[in-house]
Each structure stands twice: as structure tokens, then as C-alpha cells.
Amino acid sequence: MIDPDGFRPNVGIIICNDQRRLFWGRRVGQNAWQFPQGGIHEDEAPIEAMYRELEEEVGLRPCQVELLGCTRRWLRYRLPKRFIRRHCGPVCIGQKQIWYMLRVNCEEQAFCLDSSEKPEFDAWRWVKYWQPLREVVYFKRQVYLRALEELAPLLYPEGPPVRQEVLSDPPRCLHQGRR
């Protein structure tokens, strides 16, 4: 489903733990990291798509998370020209996303990266709040920034940590997907 402007409706999911660290997933077979995300089916509301994607990509059910909030409006990013498939219609030039912030209320053992037929992630780790901005693919960076800025008060009512002080965490807490 592509809207009249060429954007595919999508949901993004930011999962946090009690230490205000964020789930950061490594895409299968790549050294590319991102938050869970996925398309919205024609017959789905964004929140329904979010819970479906949460289970498909991370293996968590609604009872294992607490919904903290979501962005007020669609956040958009454009695909680089080389990723736009012009030979099939309708042409998708990017994605428009509603971003959700969730807090886990289960043990880490509940995460299951291969609960769907085609897993998105093969490993994951907890990272500091702003770290994804340093590691996400360049064309998604601005939408990640807008989502993290808008949702920060849900985790940091006193104000979010300063971005300049965030250093990359080593991948010491790498969790491999179950196979």
C-alpha cells in the first residue's frame, strides 16, 4: 500500500528496558542496525500493525510490553534514488511512519528473533538513548532523530541525556537469535 504521495505507511518501534536502554537489532546477514519497523496492511490500524510487527520481529506479545506513547503525526523519510524501484507500480519513494515507544515488562529470554518465517534480525543489544543516531543507515537518521526527540519525555520527564556525551557502547550484550 503506497499513499498518493509515494510513501508506504509504516510503524517504527522503540523498545526500552527499566534502565532506559533501547533495543537495537542487527539485520539478518548484515552489519546494519535498526529499530523494529514494518508496513501497515490495508485493513490495519497503526497500533495493530505495531503489535503484529513486535511479535513477528522480536517475538513479544502485547502483554509483555507497556505502551508508553507514540508520535503525534507521520514522520517521513525518502529512499535514496538507487533504492527506488521504478519498474513496478505504484512507485514508493519512501516511508511515512508512526513511531511507538514501549517498555518491556518481561525477561530478556522472552525475546525471540526467529518467531516468523523470515526473520528481520539475527542479534540484538541494549544501547544508550541517542546511540542509534550514530549507527542507523544515513537516510533514516533524520526520522530517527525526530522520533527520539518527540518521544524522549516519555522516558526522561526531567529532560533527555545530552547527545554529545553519548559514546558508542561496545556490543558486549549481544544476544543472538534462537535458531
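**Figure 1. The second largest pocket.** Welcome to this predicted model, where our tour opens at the second largest pocket, with a volume of about 150 Å³. Its lining is made up of Asn 17, Asp 18, Gln 19, Val 104, Asn 105, Cys 106, Glu 107, Glu 108, Phe 111 and Trp 126. By type, these lining residues split into four nonpolar, three polar and three charged. Keep Trp 126 in mind, because its relative accessible area of 9% makes it buried, and it returns in later views.

**Figure 2. The largest pocket.** Next comes the largest pocket, whose volume is about 930 Å³. It is lined by 31 residues, and those closest to its centre are Arg 8, Arg 27, Gln 37, Arg 85 and Gln 95. Strand 1, strand 3 (33-34), strand 4 (37-39) and helix 1 (46-58) are the elements that give two or more residues to this lining. Helix 1 contributes the most, with four residues. Sorted by type, the lining of the largest pocket holds 13 nonpolar, nine polar and nine charged residues.

**Figure 3. The largest nonpolar core.** In soluble globular proteins, nonpolar side chains tend to be buried together. Here, the largest nonpolar core has 26 residues, and Ile 14, Leu 22, Trp 99 and Tyr 129 touch the most other members. At least two residues of this core come from each of strand 1 (7-16), strand 2 (22-27), strand 6 (75-78), strand 7 (94-104) and helix 3 (141-155). The most generous contributor is helix 3, which supplies eight residues. There is also a second, separate core of 20 residues, with Val 11, Ile 13, Ile 98 and Trp 126 among them.

**Figure 4. Tyr 129 and its contacts.** This close-up centres on Tyr 129, one of the residues that touch the most other members of the largest nonpolar core. Which residues is Tyr 129 in contact with, leaving aside its neighbours within four places in sequence? They are Leu 22, Met 101, Leu 148, Leu 151, Ala 152, Leu 155, Tyr 156 and Pro 161.

**Figure 5. Aromatic pairs, with Trp 99 and Tyr 144 in view.** Across the whole structure, a search finds 15 aromatic pairs. One of them joins Trp 99 and Tyr 144 in an edge-to-face arrangement, with 5.2 Å from centre to centre and 75° between the planes. Trp 99 belongs to strand 7 and Tyr 144 to helix 3, so this pair ties together parts that are 45 residues apart in sequence. Are these two residues buried or exposed? Both Trp 99 and Tyr 144 are buried.

**Figure 6. Trp 124, Trp 126 and an aromatic cluster.** Here we meet Trp 126 again, now with Trp 124. The ring centres of Trp 124 and Trp 126 are 5.2 Å apart and their planes stand at 90°, so this pair counts as edge-to-face. Trp 124 is buried because its relative accessibility is 3%, and Trp 126 is buried too, at 9%. Both belong to one aromatic cluster, formed by Phe 23, Phe 111, Phe 121, Trp 124 and Trp 126.

**Figure 7. Arg 20 in its loop.** Our last stop is Arg 20, found in the loop between strand 1 and strand 2. Most residues other than glycine have a negative phi. Arg 20, however, has a positive value, with phi near 65°. Is Arg 20 buried, partly exposed or exposed? With a relative accessible area of 29%, Arg 20 is partly exposed.

Notes
Residues are numbered from 1 along each chain as its sequence is written. This is a predicted model: local features need pLDDT of at least 70, side-chain atom pairs count only at pLDDT 80 or more; totals for chains, interfaces and linings use all residues. Side-chain values use heavy atoms; hydrogens and water are left out. A nonpolar core is a set of buried Ala, Val, Leu, Ile, Met, Phe, Trp, Tyr and Cys residues joined through side-chain atoms within 4.5 Å. Buried means under 20% relative accessible area, exposed over 50%, partly exposed in between (1.4 Å probe, protein chains only). Contact means heavy atoms within 4.5 Å. On a 1 Å grid over the protein atoms alone, a cavity is a set of points where a 1.4 Å probe fits but cannot get out, and a pocket is an open set with protein on both sides within 12 Å along at least five of seven lines; lining residues have an atom within 4 Å of a point. Grid points are joined across faces, edges and corners, and a volume is the space filled by probe spheres set on the points. Ala, Val, Leu, Ile, Met, Phe, Trp, Tyr, Cys and Pro count as nonpolar, Asp, Glu, Lys and Arg as charged, and the others, Gly among them, as polar. Rings of Phe, Tyr and Trp (its six-membered ring) pair if their centres lie within 6.5 Å; planes under 30 degrees apart count as stacked, over 60 as edge-to-face and the rest as tilted.
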